[in-house]
Amino acid sequence: GCYVGVACSGDYIVSAAADFEALAGCSHITGKLLVVDSDDLEDLSGGANIESVGTDFVIRDNSAMLSLKGMPRLKSVGGEFVVARNPALLSLDAMDALETVGGNMMVTENPVMVTAKGFNTLTDVVEHLVFENNISLTSIGGLNALRQAENIQIQRNEQLETVDGFDALEEVASFYFNNNDALVQVDLGSLTTVSEGLVFAENGSLSSLTGFGNLVGIAGFLNIKGNHSLIDLKAFKSLESIEDFFFIEKNDGLESLDGCEKLASVGQYFYIDSNSSLRDVQGLSALTSVGADLLVGNNGALENLGGLEKLMSVGGFMRIAFNDSLKTIDALSSVESVGDYVMIEANISLEHVDGLSGLTYVPGYVDITDNEVLKHVNGLTSLEETGGYLSLESNNNLVDTSGLINLTAIGGNLWIVRND
């Protein structure tokens, strides 16, 4: 049996108000507490004396559940804390004493829940914190004592407009904001450490990011993709290094990379791809190295690469392709080494390739193809050797190849074809 202040051994399933009676005098449950499949429970008031749950605490598929009130003494959950598929649940306001969750905290598929606030005493979520597929959720706030969580995922909440709170959060492994179509504003507290990755993907209305100003380095990756209302990257004004990849892709409203002025290095891949309104990359004025591949592609409004003047090394390939307005790549003239191939492809306004003047050796191939107004390749006058083939193909106005005069060794074929 259970007594006040004494642990109740084992797992407990509560599917009706009467099931709580067995827990009336209990303050500690050693196993699981499953509040599931109820059609009459409106809250959790039957668990008023419970202070801890040893493993998982699951609140799921309760058709009449309106709130999580009724467990004011609960301080810790040793395993997962799950709030899922409760069709009448309106909010999360409750759990005013909860401090730690030893596993995942999952808030998913609660279809009428409008706000997710509260949990202001919660300091630690040992694994993942997830808000997902709550179709009526408009705001996430509170969580102002949370110091750390392994992974935070806020995704596929189609009406979600604002995320704020998290005032004490300084360290996460990864933070994902994905597929929240209505999300306009993210305002965090004082995030200083991201050890795995930070993702903003497919949030079409996102226009305001704050709370990342103390982030100096990301030990993992930064992915900014499909946020069509975001116009700049000023949220990342202190960021100096990204140890893994940096993807800036398919952000239709992004006009500049302002905010990245302190970014000196990207450890792996750096892709600036398919940002249709991007006019300049001046915000990259401190960048000196990219550890793997550099791609600047399909940015229709980009006229030059001004801002990349300090870039000296690219550890993988360097590909500049399908930028319809790009006239010059002069800003690349400090690039002295690449780790793979160089491709300059289908930039229909590109007038010359003088920005390649710093390269004497390319370990892969060099391919300059489908640049319609390119007349000469004088930018290759420093090039002495390639490890792969060299191709000048389908550059319809190319009339002068004397820029190859110092080329003495080619590791593959030399093609100069269809330059009509």
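In this predicted model, strand E16, spanning residues 171-178, is largely enclosed by the rest of the structure, since 6 of its 8 residues are buried. Its neighbours in the sheet are easy to pick out. Strand E14 (residues 148-155) pairs with E16 in the parallel sense, over 7 bridges, and Gln153 has Tyr176 of E16 as its bridge partner. Strand E18 (residues 193-201) also runs parallel to E16, again joined to it by 7 bridges. Here Ser174 sits opposite Gly197 of E18. As a rule, side chains in a regular strand alternate between the two faces of the sheet.

Next up is Asn227, a loop residue. The loop in question links strand E21 (221-225) to strand E22 (241-242). Despite that setting, Asn227 counts as buried, because its relative accessibility is 0%, against a cut-off of under 20%. Its side chain comes within reach of the backbone oxygen of Lys225, at 3.3 Å. Leaving aside residues up to four places away in sequence, Asn227 touches Phe200, Ala201, Glu202, Asn203, Leu206, Lys250 and Asn251. Two of these contacts lead back to the sheet: Phe200 and Ala201 fall within the 193-201 range of strand E18.

As for empty space, the search turns up 1 cavity of 30 Å³ or more, with a volume of about 30 Å³. The lining of this cavity is made up of Val342, Leu356, Leu359, Val362, Val366, Leu380 and Leu383. By residue class that gives 7 nonpolar, no polar and no charged.

Conventions. Residues are numbered from 1 along each chain as its sequence is written. This is a predicted model: local features need pLDDT of at least 70, side-chain atom pairs count only at pLDDT 80 or more; totals for chains, interfaces and linings use all residues. Side-chain values use heavy atoms; hydrogens and water are left out. Helices (H or I, at least four residues) and strands (E, at least two) are DSSP runs, numbered from the N terminus. Buried means under 20% relative accessible area, exposed over 50%, partly exposed in between (1.4 Å probe, protein chains only). A polar contact is a pair of N or O atoms within 3.5 Å; within protein, one must be able to donate a hydrogen and the other to accept it, and residues adjacent in sequence count only if both atoms are side-chain atoms. Contact means heavy atoms within 4.5 Å. Two strands pair if DSSP finds at least two bridges between them. On a 1 Å grid over the protein atoms alone, a cavity is a set of points where a 1.4 Å probe fits but cannot get out, and a pocket is an open set with protein on both sides within 12 Å along at least five of seven lines; lining residues have an atom within 4 Å of a point. Grid points are joined across faces, edges and corners, and a volume is the space filled by probe spheres set on the points. Ala, Val, Leu, Ile, Met, Phe, Trp, Tyr, Cys and Pro count as nonpolar, Asp, Glu, Lys and Arg as charged, and the others, Gly among them, as polar.
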